[in-house]
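This report describes the strand pairing, burial and overall dimensions of one protein chain. The sequence and the model are displayed first, and the text then proceeds from the strands outwards.

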Amino acid sequence: MKILFIGGTGIISSACADLAAARGHDLFILNRGASKKHPLPEGATLLQGDIHADEARLAALTAGQHFDAVVDYIAFSPHDIERDLRLFRDKTDQFVFISSASAYQKPVKNYLITEETPL
């Protein structure tokens, strides 16, 4: 499977990247640069760019590419998702948006955050 991770070097996304690479997926990571804390897994391809910057440069980075899945770990606003739709609409079969638990109640009353947790 050919997969593009947007982000890929954070706590959650790096663990997912390691697993995807270990399972033999053709993994691409769109990121500003390699992380020393969470390095890219062996075999992953770095597409160096800032998803929050120049959209034309991002389109050029992925020109001619088609991914089975694009996974965005760092979208924070409707604008971010609209940008993703413009960039990847015709370049993927599946788009996965990884949301944040930060929208939920603070401080949490229970360590387990579910869809029933108050916003």
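Strand β1 and strand β2 (residues 26–31) run parallel and are joined by five bridges; two strands are taken to pair if DSSP finds at least two bridges between them. Helices (H or I, at least four residues) and strands (E, at least two) are DSSP runs, numbered from the N terminus. This is a predicted model, in which local features need pLDDT of at least 70 and side-chain atom pairs count only at pLDDT 80 or more, whereas totals for chains, interfaces and linings use all residues. Residues are numbered from 1 along each chain as its sequence is written, and side-chain values use heavy atoms, with hydrogens and water left out.

**Strand pairing**

β1 also pairs with strand β4 (residues 69–72), again in the parallel sense, over four bridges. β4 in turn is joined to strand β5 (residues 95–97) by three bridges, and these two strands run parallel. The chain passes from β4 to β5 through helix α3 (residues 78–88), a β-α-β crossover that is right-handed. A right-handed β-α-β unit is likewise made by β1, helix α1 (residues 11–22) and β2. A crossover is called right-handed if, with the strands pointing away from the viewer, the path from the first strand over the helix to the second runs clockwise.

Individual partners across these strands are listed below.

| Residue | Partner | Strand of partner |
|---|---|---|
| I3 | L27 | β2 |
| I3 | A69 | β4 |
| F5 | V71 | β4 |
| V71 | V96 | β5 |

**Burial of the strands**

Buried means under 20% relative accessible area, exposed over 50%, and partly exposed in between (1.4 Å probe, protein chains only). Strand β1 (residues 2–6) is largely enclosed by the rest of the structure, because five of its five residues are buried. Its two faces are both covered, with K2, L4 and I6 buried on one side and I3 and F5 buried on the other. β4 likewise has both faces covered: A69 and V71 lie buried on one side, V70 and D72 on the other.

Which residues surround L30? L30 belongs to strand β2 and counts as buried, its relative accessibility being 4%. With residues up to four places away in sequence left aside, L30 touches L4, F5, I6, G7, L47, G49, I51, L58 and L61; contact means heavy atoms within 4.5 Å. The C-alpha atoms of L30 and T9 are separated by 9.7 Å, the two residues being 21 residues apart along the chain.

**The chain as a whole**

Three helices and five strands occur in the chain, and from the N terminus on they follow the order β-α-β-β-α-β-α-β. Along the principal axes, the C-alpha atoms fill a box of roughly 45 × 30 × 25 Å. Of the 119 residues, 36% are buried. Among contacts between residues at least 6 apart in sequence, 52% join residues at least 24 apart.

The accessible surface comes to about 7,400 Å², and 56% of it belongs to carbon and sulfur atoms. Accessible areas come from the Shrake-Rupley method with a 1.4 Å probe; for residues, only the protein chains shown count as cover.
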